[in-house]
There are 2 protein chains.
Amino acid sequence: MATTQSLTIPARRGAAARVSAGQRVKVINTHGSQVVDTWAFNARDVTEWMSMEASRAWFLKLRAAVGDTFRTNQRRPILTLVEDTSGGAHDTLMAACDLPRYRLLGVEGHHDNCRDNLHAALGALGITVPATPSPLNLFMNIPWTPDGTLAWAEPVSTPGSYAVFRAEMDLIVAFSACPQDILPINGRTGRTTEAHAVIE
Amino acid sequence: MATTQSLTIPARRGAAARVSAGQRVKVINTHGSQVVDTWAFNARDVTEWMSMEASRAWFLKLRAAVGDTFRTNQRRPILTLVEDTSGGAHDTLMAACDLPRYRLLGVEGHHDNCRDNLHAALGALGITVPATPSPLNLFMNIPWTPDGTLAWAEPVSTPGSYAVFRAEMDLIVAFSACPQDILPINGRTGRTTEAHAVIE
């Protein structure tokens, strides 16, 4: 019998967990304006991962809607979005933030970042992956125009809103509560907060 | 003195070459309707590669225009689009085709595919990479609607039209003349052809 796991994704940090096929993964935007970068890896072969480029080619949308299934780099179903109270702004287009990104934004010295958070969270489970896949950026609002211009916009999600996924295989899910405090993707205040996940 | 290399990208096959910083890479759509999946890797460390997700985050567009610079997964400039006579429909959204993709499209047995072509072309230069980066799909026309719906459309390029890039570092460039003959991305006839590149 699968047990329920409750996971805190600490502010500016990552977290990862094992999920069995058929379980539901609920990601909660506890304070309402926190982007959560999300990755999934096949538990049996972590070189197979959720792929934004394979998923877009499958559901033929820039953003998934309820009922859409994300696919791996082997084109297999891995996560299906089954419920969403957040307004649906989940970005598939942008790389996870990383230290070189913060350098370009003028930061000197250390800055927390989603790439390091991913690898640290996987490392805590004893897992190493050979690259940083393009993440599913939950609650991240990247609008596009008819001519294809993109923008960093403020979140449209509200406190306690959430997205729920069904696991389509045994997998490792990893999250990072995005520490971006220069661009307004976590809100104009630059406040970065914790978020939560429930695996049930 | 850098020499000029002429490269044939055979129909349904790949090709790769070494390029020095400052050289120009001209990719020619010889027969006018051939998609060319394109990748670039830092010649000194092939785990650093041209990243569609980092590039979109840099130029803030779904598609690059002349003057835009593609960035690596370390956020460094790698290729700048400096000239384009093809109509500018170069896709950054879709995964390279692979055998599992053709299975989903109903193909049994072997089908040529861009993923295998990439790794074979790199292999011919003695290079192995640990993943298949999301490609820059030259001449591939993937329109979007205001609500984010994507489609596989026919090419808008014409015979002999081309795109020219400036190399921003010493790099390995790899191409695949996409063997997709089921979807209309290489034209409705399903004809797949050779293309050419000149490195000068």
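Start with both chains in view and superpose chain B on chain A: a rotation of 180° with 0.0 Å of shift along its axis does it, at an RMSD of 0.0 Å. That is the relation of a two-fold axis. The fit is by least squares on the C-alpha atoms of residues with pLDDT of at least 70 in both copies.

Before you click further, note that this is a predicted model, in which local features need pLDDT of at least 70 and side-chain atom pairs count only at pLDDT 80 or more, while totals for chains, interfaces and linings use all residues. Residues are numbered from 1 along each chain as its sequence is written, chains are lettered from A and ligands numbered from 1 in the order in which they are written, and side-chain values use heavy atoms, with hydrogens and water left out.

**Stop 1: the interface**

Select the residues of each chain in contact with the other (heavy atoms within 4.5 Å). You should find 36 residues from chain B and 36 residues from chain A. Because 100% of the interface residues of chain B are also interface residues in chain A, the copies meet through the same surface.

Now for the area. About 2900 Å² is buried between chain B and chain A, and carbon and sulfur atoms give 58% of that. Buried area here is the accessible area (1.4 Å probe) that two parts lose on being put together, summed over both. On the chain B side, show B:Glu53, B:Leu60 and B:Arg75, which lose the most area to chain A and together make up 22% of what that side buries.

Next, turn on polar contacts between the chains: there are 20 residue pairs, both partners at pLDDT 80 or more. A polar contact is a pair of N or O atoms within 3.5 Å; within protein, one must be able to donate a hydrogen and the other to accept it, and residues adjacent in sequence count only if both atoms are side-chain atoms.

Which helices of chain B each supply at least two residues of the side that touches chain A? They are α1 (52-59) and α2 (99-104), and α1(B) gives the largest share, five residues. Helices (H or I, at least four residues) and strands (E, at least two) are DSSP runs, numbered from the N terminus. Color this side of chain B by class and you get 19 nonpolar, eight polar and nine charged residues. Ala, Val, Leu, Ile, Met, Phe, Trp, Tyr, Cys and Pro count as nonpolar, Asp, Glu, Lys and Arg as charged, and the others, Gly among them, as polar.

**Stop 2: salt bridges**

A salt bridge is a side-chain nitrogen of Lys or Arg within 4 Å of a carboxyl oxygen of Asp or Glu. Over all chains the count comes to 24, and between chain B and chain A it is two. Zoom in on A:Arg75 and B:Asp98, whose closest N and O atoms are 3.1 Å apart.

Staying in chain A, select A:Arg115 and A:Asp98, which form a salt bridge at 3.7 Å, N to O. A:Arg115 sits in helix α3 (residues 114-124), and A:Asp98 in the loop between β6 (77-84) and α2 (99-104), 17 residues apart. Are these residues buried or exposed? A:Arg115 is buried at 15% relative accessibility, and A:Asp98 is buried at 3%. Buried means under 20% relative accessible area, exposed over 50%, partly exposed in between (1.4 Å probe, protein chains only).

Move on to A:Arg12 and A:Asp181, paired in a salt bridge at 3.1 Å, N to O. A:Arg12 lies in the loop between β1 (5-9) and β2 (14-19) and A:Asp181 in the loop between β9 (171-177) and β10 (195-199), so the pair ties together parts 169 residues apart in sequence. Add A:Arg13 and A:Asp112 to the selection, and you have a network of salt bridges linking these four residues.

**Stop 3: two loop residues**

Select A:Ser134, in the loop between α3 and β7 (136-138) of chain A; A:Ser134 is buried, at 7% relative accessibility. Leaving aside residues up to four places away in sequence, A:Ser134 touches several residues, including A:Trp39, A:Met94 and, from the other chain, B:Glu53.

Finish at B:Ala131, in the loop between α3 (114-124) and β7 (136-138) of chain B. B:Ala131 is buried, with a relative accessible area of 12%. With the same sequence neighbors left out, B:Ala131 touches A:Trp49, A:Ala131, B:Trp49 and B:His119.
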